[in-house]
Amino acid sequence: MHREDASDLLAFLAVARERSFTRAAAKLGMTQSALSQIIRNLEERIGVRLLNRTTRSVTPTQAGERLFLNIGPKIEEMDAELAALSELREKPAGTIRITATEYAAQAILMPALAKILPNYPDIKVEVLIDYGLTNIVAAQYDAGIRPGELVAKDMIAVRVGPDLRMAVVGAPSYFEGRKRPRKPQDLTEHNCINLRLPTHGGSLYVWEFEKNGRDLHVRVDGQLVFNGAGALLDAALKGFGLAYLMEGHVQPYLSQGRLIRVLADWCPPFSGYHLYYPSRRQPSPAFTLLVDTLRYRGR
């Protein structure tokens, strides 16, 4: 079928459905005279009269009625299918790849996914647990979650959590026979559980403190080194030494008395978690849904 025939058939169907050139022309967004010329051209090409025209009415001829009854439903099916495809395009779907620290994934990302995934089975999420400042563009990740102060300035950043605090904690069994540190320098006398970062050549994380505008960084030492917060927490609970973890990560164990916190006055709040992604990224419906669900509203 030629493109001209297809468009002219649509014009014919409009007239046959409305039984009026005036109403059909209005729905098609053209003049009545232009529509009338299209129908005449169609009739001339196929050699059959399709419409009976009088001053009062327009009705299909026998050939026109046959064409209307056979072609009309097929056109409607095509319209319905195109509409369904459009809805599918707008329906949140696809894979989202995100890099996050272990605690960010646990405390921020998982609660959001619990709201989304059951209702949107076509969305898939891949999460990389990483403590480094991953180049999400080079690594082909859609987004990352990090404290706001660590997000690069050329990224779009959306706050997804409240302010954070670090906590130095140890098990009651660890403090038996030991003095609790009163200032960060006292940590050099303690067995501290270290975190090895993938950035900067795999160096050990330097514990950061602040009080009354004074910043203090302490390189601690101990018998254990891990590359994940979960292992640090487990070792601290077992009494192997002091751990430096997110306050929210250890709060349940502090409440239960399974951990004891020290140096709290040296651990002020800092910028909460932000979801960040490249400014040139065109968000998909699935990504937009995730961002909206994660967005922090001061709750």
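**Exercises on strands, helices and loops**

Y253 lies within helix α8, which spans residues 247-255; helices (H or I, at least four residues) and strands (E, at least two) are DSSP runs numbered from the N terminus. The model is predicted, so that local features need pLDDT of at least 70 and side-chain atom pairs count only at pLDDT 80 or more, while totals for chains, interfaces and linings use all residues. Residues are numbered from 1 along each chain as its sequence is written, and side-chain values use heavy atoms, with hydrogens and water left out.

**Exercise 1. The surroundings of Y253**

Task: Determine whether Y253 is buried, partly exposed or exposed, and find which residues Y253 touches, not counting residues up to four places away in sequence.

Solution: Begin with accessibility, where buried means under 20% relative accessible area, exposed over 50%, and partly exposed in between (1.4 Å probe, protein chains only). Y253 has a relative accessible area of 22% and is therefore partly exposed. Next come the contacts, defined as heavy atoms within 4.5 Å: leaving aside residues up to four places away in sequence, Y253 touches L233, L237, R258 and L259. Finally, compare sequence with space: Y253 and A171 are 82 residues apart in sequence, and their C-alpha atoms are 9.4 Å apart.

**Exercise 2. Helix α7 against helix α8**

Task: Work out how the axes of α7 and α8 cross, and list the residues of α7 that are buried.

Solution: Two packed helices are described by the angle between their axes and the distance between the axes. Axes are lines fitted to C-alpha atoms, for helices over the stretch in contact, and angles run from 0 to 180 degrees between N-to-C directions. The axes of α7 (residues 229-237) and α8 come within 11 Å and cross at roughly 25 degrees. Angles under 35 degrees count as roughly parallel, over 145 as roughly antiparallel, 65 to 115 as roughly perpendicular and the rest as oblique, and α7 and α8 are therefore roughly parallel to each other. The contact is made by A229, G230, L233 and L237 of α7 together with H249, V250 and Y253 of α8. As for burial, A229, L232, L233, A235, A236 and L237 are the buried residues in α7, and the buried residues of this helix pack against α5, β8 (194-195), β11 (225-226), β12 (243-246) and α8. After α7 comes G239, with a positive phi near 85 degrees.

**Exercise 3. The sheet around β3**

Task: Establish the order in which five strands form an open sheet, and identify which strands stand at the edges.

Solution: Two strands pair if DSSP finds at least two bridges between them. The order of the open sheet is β4-β3-β5-β14-β6, with mixed pairing. In this sheet β4 and β6 (155-159) stand at the edges, each with a single partner strand, so one side of each is left without a neighbour. Neighbouring strands are turned against each other by 25 degrees on average, direction ignored.

Now follow the pairing of β3. Strand β3 (residues 94-100) and strand β4 (residues 123-129) are parallel and share seven bridges, and T99 stands opposite L128 in β4. Strand β5 (residues 143-147) also runs parallel to β3, joined to it by three bridges; in β5, I145 is the bridge partner of A100, while A143 stands opposite I98.

**Exercise 4. Helix α5 and its partners**

Task: Describe how α5 lies across the strands, and state how the axes of α5 and α9 cross.

Solution: Helix α5 lies across β3, β4, β5 and β14 (273-278), running at about 175 degrees to β4. Against helix α9 (residues 285-294), the axis of α5 comes within 9 Å and crosses at roughly 120 degrees, which makes α5 oblique to α9. The contact is made by I108, L109, A112, L113, K115 and I116 of α5 and by L289, L290, T293 and L294 of α9.

**Exercise 5. Positive phi outside glycine**

Task: Decide whether R19 is buried, partly exposed or exposed, and do likewise for L263.

Solution: R19 lies in the loop between α1 (3-18) and α2 (21-28), and its phi is near 55 degrees, a positive value in a residue other than glycine. At 35% relative accessibility, R19 counts as partly exposed. L263 belongs to the loop between β13 (260-262) and β14, and has a positive phi of about 60 degrees although it is not a glycine. With a relative accessible area of 5%, L263 is buried.
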